[in-house]
Amino acid sequence: MLIKPAADLRSSDITDKNVYLNRREFLGATAATTAAVVAGVLGSEAFVRAATPAPHGRKLENVKKTPFGADEKPNKWEDITTYNNYYEFGIDKDSPSMFARNLKTEPWTVAVDGDCAKKGNMPLEDILKGQALEERIYRHRCVEAWSMVIPWVGFPLADFIARCEPTSKAKFVQFFTLNDPMQMPGLRSNILDWPYTEGLRMDEAMHPLAILAVGLYGKVLPNQNGAPIRLVVPWKYGFKGIKSIVEIGFTEREPPCTWNRAAPSEYGFYANVNPRVDHPRWSQASERRLDGSFVGKKISTLMFNGYGDQVASLYNGMDLRKNY
């Protein structure tokens, strides 16, 4: 075991205090269900190796290639499907790859409510019917200062919003993740206030870069990456990209968001990638672009994750040090 001297430790190497204090509680809450998880989620295997890549799912048809990210080299399928933040399946990066495999994603329905004309339950197949799918290779920057390049398949969030016909009162869009402790063992802990929720201002949600993703590398989206439908907002930190969406609502007021409620001094509502605003416990000026070794090359972080030319105008006149 390599033990670093204190002088060599970066702040980002130090476990978050809240995570450390909650980890025992999380493990205690899940210990009683380990046998059930192994038997039910992992099948008949007596031992499962950590960080198992997702199997390749059904190929999505008629996916349009786009110029987004054409100059970027995407991370490998194995990277993207074994290193995830998805606390509903555990707090470790490899937990989703082990515990999300049997999440039931068919049939799937998204409820629509709030300040809109078209309320009700929308089956996923109806959402996708006649909807053109595109491949978008986006940079993904995590607030923990690591990043990947991911070839998502999806469609503009604006298309979905238009179908819902929001009223003039709708200023924000709120999203909710599935809340099913029987399928998601992490929900049996109180490390976060469940269900996971996120939100965008309406003009952010309508921006062409914001998409609802249903695939990865041209295949159906793997469970650990947010199947069957998730949000991708590439100029924001990764925690804004809510997974396994079951409800979308329109509201006049800024909606509460999970990480913003849990630690408002660390996770703002806007969550725009801003290298000039440090996290309270580490710098955001650089990131580790992960590769197969999960060490990665250290690179400078770009404002708005490099999408400033497209999105900076959304925030004209705002103090982005306060509206973080």
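A salt bridge is a side-chain nitrogen of Lys or Arg within 4 Å of a carboxyl oxygen of Asp or Glu. By that criterion the structure shown above, which is a predicted model, holds 12 salt bridges. One of them joins Arg-289 to Glu-72, with the closest N and O atoms 3.9 Å apart. Because Arg-289 belongs to strand 12 (residues 286-289) while Glu-72 sits in the loop between strand 1 (63-65) and helix 3 (77-80), this pair ties together parts that are 217 residues apart in sequence. Glu-72 is buried, its relative accessible area being 18%.

Arg-289 also forms a salt bridge with Glu-287, where the closest N and O atoms are 3.7 Å apart. Glu-287 is likewise a buried residue, with a relative accessible area of 3%. These contacts belong to a wider arrangement, for Glu-72, Arg-139, Arg-141, Glu-287 and Arg-289 are linked in a network of salt bridges.

Elsewhere in the chain, the side chains of Asp-193 and Arg-261 meet in a salt bridge with an N to O distance of 4.0 Å. Asp-193 is found in the loop between strand 6 (172-177) and strand 7 (197-201), whereas Arg-261 lies in helix 8 (residues 258-262), so this salt bridge connects parts that are 68 residues apart in sequence. Arg-261 is partly exposed, at a relative accessible area of 38%.

The cysteines come next. The structure holds 0 disulfides, and Cys-116 accordingly takes part in none, the nearest cysteine sulfur being that of Cys-164, 5.6 Å away. Since a disulfide requires two cysteine sulfur atoms within 2.5 Å, the 5.6 Å between the sulfur of Cys-164 and that of Cys-116 is too far for a bond. Cys-116 is buried, with a relative accessible area of 3%, and Cys-164 counts as buried at 0% relative accessibility.

Strand 6, which precedes the loop that carries Asp-193, leads into a sheet. Strands of a sheet pair through backbone hydrogen bonds, either parallel or antiparallel. Here 5 strands form an open sheet in the order 3-2-11-6-7, and the pairing is mixed. Strand 3 (120-123) and strand 7 stand at the edges with a single partner strand each, so one side of each of these strands is left without a neighbour in the sheet. On average, and with direction ignored, neighbouring strands of this sheet are turned by 20 degrees against each other.

Within the sheet, strand 6 pairs with strand 11 (residues 245-251) in the antiparallel sense over 6 bridges, and strand 6 pairs with strand 7, again in the antiparallel sense, over 5 bridges. Individual residues show how this works out: Phe-175 has Ile-248 of strand 11 as its bridge partner, while Gln-174 stands opposite Gly-249 in strand 11 and has Gly-199 as its bridge partner in strand 7.

How many of the residues of strand 6 are buried? Strand 6 is mostly covered, with 6 of its 6 residues buried. In a regular strand the side chains alternate between the two faces of the sheet. Both faces of strand 6 are covered, since Phe-172, Gln-174 and Phe-176 on one side are buried, as are Val-173, Phe-175 and Thr-177 on the other.

The remaining features concern empty space. Rolling a probe the size of a water molecule over the atoms shows where such space is left. A search of the whole structure finds 1 cavity of 30 Å³ or more, and about 110 Å³ of space lies in the largest cavity. Of the 14 residues that line the largest cavity, His-140, Val-232, Val-233, Pro-234 and Gly-238 are the closest to its centre. Strand 4 (133-141) and strand 10 (230-232) each supply at least two residues of this lining, and the largest share, 4 residues, comes from strand 4.

As for open space, the second largest pocket has a volume of about 420 Å³. The lining of the second largest pocket is made up of 21 residues, with Arg-58, Leu-60, Leu-124, Leu-128 and Val-220 lying nearest its centre. Helix 5 (residues 124-128) gives the most to the lining of this pocket, with 3 residues.

How values were computed: Residues numbered from 1 in each chain as written. Predicted model: local features only at pLDDT ≥ 70, side-chain atom pairs only at ≥ 80, totals over all residues. Heavy atoms only, no water. Buried < 20%, exposed > 50% of the residue type's maximum accessible area, 1.4 Å probe, protein only. Pairing = 2+ DSSP bridges. Axes fitted to C-alpha atoms, helices over the stretch in contact; angles between N-to-C directions. 1 Å grid on protein atoms, 1.4 Å probe; cavity = no way out; pocket = protein on both sides within 12 Å on 5 of 7 lines; lining within 4 Å. Points joined across faces, edges and corners; volume = space filled by probe spheres on them.
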